Amino acid sequence: MSVPREDLLQPTLTRESQTLAPYSVQTTFLTGFFGGPFAALAILATNSVRLRRVSRDAAVLGAILLAVVLGGWWLFHSAAGADVRSWFVERFGSTATRLSRQGVGLVIVGIGYLLHRKEQVGADLAGLTRPNGWFAGLPCAILGAMLFAWFIRTLTR
């Protein structure tokens with residue numbers, strides 16, 4: 001005859017172990033669109049902290065940051081990158097820098113959505129209250145746009 005184990009009847013989820021709801025997809029989209037790649041990385045890192053996934057997401061976020069930095073260096077310090085830049089400027093004129101910032105930011109937001117989609121859907125299904133996107137999204141977008149402008153200026157010197 002087996003003796004029932006009382007520890008199996010204890011709830012495993014406590015208030016301390018619950019993760020926080022991530023920022024909404026709309027917040028991450030707008031942050032990446034207006035702030036660019038560095039802002040998108042910042043809001044995704046903020047979501048990783050909120051979801052307690054920093055150790056799992058660190059490699060992906062680091063690889064994205066490395067790709068942005070190396071891609072920028074390649075665009076401004078190689079012959080092939082110069083050809084790509086001249087084609088892009090020829091097609092889009094004075095808006096080329098803004099479009100590239102927005103485009104790369106949105107690609108990173110898409111990668112982040114794939115990274116956190118289970119948590120995003122789970123938060124919606126559980127009816128978790130999302131944090132106000134203004135508190136993280138606006139500072140990330142402003143600082144990300146400023147960092148992108150500095151990054152471009154540094155590369156063109």
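How many helices and how many strands are there in the protein chain? The model shown above is a predicted one, and in this model the protein chain holds six helices and zero strands. Followed along the sequence, the pattern of the protein chain therefore reads α-α-α-α-α-α. Of the 157 residues in the protein chain, 31% count as buried. Where contacts join residues at least 6 apart in sequence, 77% of those contacts link residues that are at least 24 apart.

A good place to begin looking is the pairing of helix α1, which covers residues 25-35, with helix α6, which covers residues 133-155. The axes of α1 and α6 lie 8 Å apart, and the two helices pack at an angle of about 20°. Since angles under 35 degrees count as roughly parallel, α1 and α6 are therefore described as roughly parallel to each other. The crossing that α1 and α6 make is right-handed.

The residues that bring these two helices together can be picked out by name. On the side of α1, the contact is made by Thr 27, Thr 31, Phe 34 and Gly 35, and these meet Gly 133, Gly 137, Cys 140, Ala 141, Gly 144 and Ala 145 on the side of α6. Sorted by character, the residues of the contact of α1 with α6 comprise four nonpolar and six polar, with no charged residue. In this sorting Gly is counted among the polar residues.

One residue of this contact deserves a closer look, namely Thr 31, which lies in helix α1. Is Thr 31 buried or exposed? Because buried means under 20% relative accessible area, Thr 31 counts as buried at its relative accessibility of 3%. Leaving aside residues up to four places away in sequence, Thr 31 touches Gly 137, Cys 140 and Ala 141, and also Gly 36, Ala 39 and Ile 43.

From the helix contact we turn to the charged side chains. Side chains of opposite charge can pair when their charged atoms come close. By the rule used here, which asks for a side-chain nitrogen of Lys or Arg within 4 Å of a carboxyl oxygen of Asp or Glu, the count comes to five salt bridges.

Among them is the salt bridge between the side chains of Arg 53 and Asp 57, with an N to O distance of 2.8 Å. Both partners are on the buried side of the cut-off: Arg 53 is buried with a relative accessible area of 10%, and Asp 57 counts as buried at 0% relative accessibility.

Another salt bridge joins the side chains of Arg 56 and Glu 119, with 3.6 Å from N to O. Because Arg 56 lies in helix α3 (residues 54-77) and Glu 119 in helix α5 (residues 96-126), this pair ties together parts that are 63 residues apart in sequence. Arg 56 is exposed, with a relative accessible area of 54%, whereas Glu 119 counts as partly exposed at 22% relative accessibility. Arg 53, Arg 56, Asp 57 and Glu 119 are, moreover, linked in a network of salt bridges.

A further salt bridge is formed by Arg 91 with Glu 90, where the closest N and O atoms are 3.1 Å apart. Here Arg 91 counts as partly exposed at 47% relative accessibility, while Glu 90, at 60% relative accessibility, counts as exposed.

Definitions and conventions:
Residues numbered from 1 in each chain as written. Predicted model: local features only at pLDDT ≥ 70, side-chain atom pairs only at ≥ 80, totals over all residues. Heavy atoms only, no water. Axes fitted to C-alpha atoms, helices over the stretch in contact; angles between N-to-C directions. Helix = DSSP H or I, 4+ residues; strand = E, 2+ residues; numbered from the N terminus. Parallel < 35°, antiparallel > 145°, perpendicular 65-115°, else oblique. Left-handed = near helix turned anticlockwise from the far one by under 90°. Contact = heavy atoms within 4.5 Å. Buried < 20%, exposed > 50% of the residue type's maximum accessible area, 1.4 Å probe, protein only.
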